[in-house]
Amino acid sequence: MGEVDKAMMKAWLVHPTGNRNVRAVADALEDSGLLEIFHSCLSIGHDCPNPLASRLFAQRRFGIPDIRVKRHTLREGLRLLTQKFGFLSSLSKHETGPLSIDQVYRSLDRAVARSLEKTTTRPNAIYAYEDGAFEVFQVAKALGIHRIYDLPIGYWRSARRIQTEEAELQPAWAMTMPALRDSESKLSRKDEELRLAETIYVASSFTASTLEEVPFEIPQATVIPYGCPTPLLDRSDFAKATEKLRVLYVGSLGQRKGLSYLLDAIEKLGDSVELTLVGRRVAACKPLDDALNRFNWIESLPHDQILETMRKHDVFVFPSLFEGFGLVLTEALSQGLPIISTRNTCAPDIIEDGREGFIVPIRDSEAIASRLQLLNEDRDQLHAMKEAAVWAASKTTWDNYKTRLAAGVAASMRGAST
């Protein structure tokens, strides 16, 4: 793309919080000269001139200039305050609470839609995410602006089907799957966002496959897997072998992640393994609470300490039933951990079964237990998988993701302008 073309084509990026993959999108658009504004809530740029904001929102610092960030602070700021100090929890009630994460997404969506209607220098594209694109996409369509949709997790009809089945199979875990409580109006908004989308990005083949259940015509999704953190360079950092196999899980403690099947597998192996769980409870659940009392449970860790914890374990198990990607899988690979995961994650996109880890069916504790037992009994294979994991991580980089994303966005914007 020539310099003149880049100068003419600009995009607005919209996301209320900004996790690792959103940061990569912002970097990709900025580095390629395509980013005009990043609409968010409490995010800041790398050169934010406000020392108070720099201190308070350091975890939401982006690598883009602060002049590119348009902040919509009030609702998200109040949500975080009530969450931190534990008061007025009713204001954060799922969907309906004025300080729920759903309302944060919708509030930002409305604000950006209004900005788009009023601006005299319109962007060429809007890049927005599930649950936060409905109103801005409506305005963009009316103005002839290209609409790019990022779907970070699989399509809701697939999610509901799988999790409804799971609630019947594991009723004691049903309350840990909050997506089953999504209202019809929320689900309808998701469909309308898809109807309005002209370009769709997903991060895994599994997410793309769930879109086959969409009951209306949509553009074919482009799959661009996320990247890995910088992989270990010093193999001496691999966890030293111990008598027991050290097994790690990191993620929210709910049944969408297939957690009961991991716990069943550990039960089958008895004292030959040690399990560590890192994550927050999402709802009351007696079998989960019993497990947390028996195994090593860490509710929360900063990101650097999660990577450090990974280096102290032998294998990472993530038996998710429904996942958009699973960034913890790439993080585990980067720290030299073989992974055991399912086809309903990014695992088929980033590893070869039997080389950097294992891909098992969902809801199969026997398969998880057999792979763990194999690695426990064959430490040479475990070490070979650690080496292979680091090598795979070195090829799955965020730079690759950003290059492919920027090229795709530029191509879609060029196509929309012709």
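Biologist: In this predicted model, which residues point one way from S5, and which point the other way?
Modeller: Strand S5 covers residues 146–150, and its side chains split into two groups. One way go His146, Ile148 and Asp150. The other way go Arg147 and Tyr149.

Biologist: Are those S5 residues buried or exposed?
Modeller: To count as buried, a residue needs under 20% relative accessible area. Five of the five residues in S5 pass that test, and the strand is mostly covered. So whichever way they point, the S5 residues are all buried.

Biologist: What does Ile126 stand opposite in S5?
Modeller: Let's start with the strands: S4 (residues 125–129) and S5 pair in the parallel sense, over five bridges. Within S5, the residue opposite Ile126 is Arg147.

Biologist: How does the chain get from S4 to S5, and what is the hand of that crossover?
Modeller: The path goes from S4 through helix H6, residues 134–143, and then into S5. H6 lies across both S4 and S5, running at about 155° to S5. This β-α-β crossover is right-handed.

Biologist: Which residue in S6 is the bridge partner of Ile148?
Modeller: S5 also pairs with strand S6 (residues 199–202), again in the parallel sense, this time over three bridges. The S6 partner of Ile148 is Thr199.

Biologist: And in S4, what is the bridge partner of Ala11?
Modeller: Here we need strand S1, residues 11–14. S1 runs parallel to S4, and four bridges join them. Ala11 is partnered in S4 by Ala125.

Biologist: Which are the edge strands of the open sheet?
Modeller: Strands of a sheet pair through backbone hydrogen bonds, either parallel or antiparallel. This sheet has seven strands in the order S3-S2-S1-S4-S5-S6-S7, with parallel pairing. An edge strand pairs on one side only, and that fits S3 (69–71) and S7 (222–223).

Biologist: Let's move to salt bridges. How many does a search of the whole structure find, and what is the N to O distance for Arg160 and Glu184?
Modeller: The search turns up 28 salt bridges. One of them joins Arg160 and Glu184. That pair links distant parts of the chain, with Arg160 in helix H7 (residues 156–169) and Glu184 in helix H8 (residues 184–196), 24 residues apart. Their closest N and O atoms are apart by 3.6 Å.

Biologist: Is Glu184 buried or exposed?
Modeller: Its partner Arg160 is partly exposed, at a relative accessible area of 23%. Glu184 has 55%, and the cut-off is over 50%, so Glu184 counts as exposed.

Biologist: How far apart in sequence are the parts that Arg363 and Glu166 tie together?
Modeller: Arg363 and Glu166 form a salt bridge, with closest N and O atoms 2.4 Å apart. Arg363 sits in the loop between strand S13 (357–360) and helix H15 (365–377), while Glu166 is in H7. So the parts they tie together are separated in sequence by 197 residues.

Biologist: Is Glu166 buried or exposed?
Modeller: Arg363 is partly exposed, at 25% relative accessible area. Glu166 comes in at 0% relative accessibility, so Glu166 is buried.

Biologist: Why does the pair of Glu323 and Lys257 tie together parts of the chain, and how many residues apart are they?
Modeller: The side chains of Glu323 and Lys257 meet in a salt bridge of 2.9 Å, N to O. Glu323 lies in the loop between S11 (315–318) and H13 (327–334), and Lys257 in the loop between S8 (245–250) and H10 (259–269), so the pair ties together parts whose separation in sequence is 66 residues.

Notes: Residues are numbered from 1 along each chain as its sequence is written. This is a predicted model: local features need pLDDT of at least 70, side-chain atom pairs count only at pLDDT 80 or more; totals for chains, interfaces and linings use all residues. Side-chain values use heavy atoms; hydrogens and water are left out. Buried means under 20% relative accessible area, exposed over 50%, partly exposed in between (1.4 Å probe, protein chains only). Two strands pair if DSSP finds at least two bridges between them. A crossover is right-handed if, with the strands pointing away from the viewer, the path from the first strand over the helix to the second runs clockwise. A salt bridge is a side-chain nitrogen of Lys or Arg within 4 Å of a carboxyl oxygen of Asp or Glu. Contact means heavy atoms within 4.5 Å. Axes are lines fitted to C-alpha atoms, for helices over the stretch in contact, and angles run from 0 to 180 degrees between N-to-C directions.
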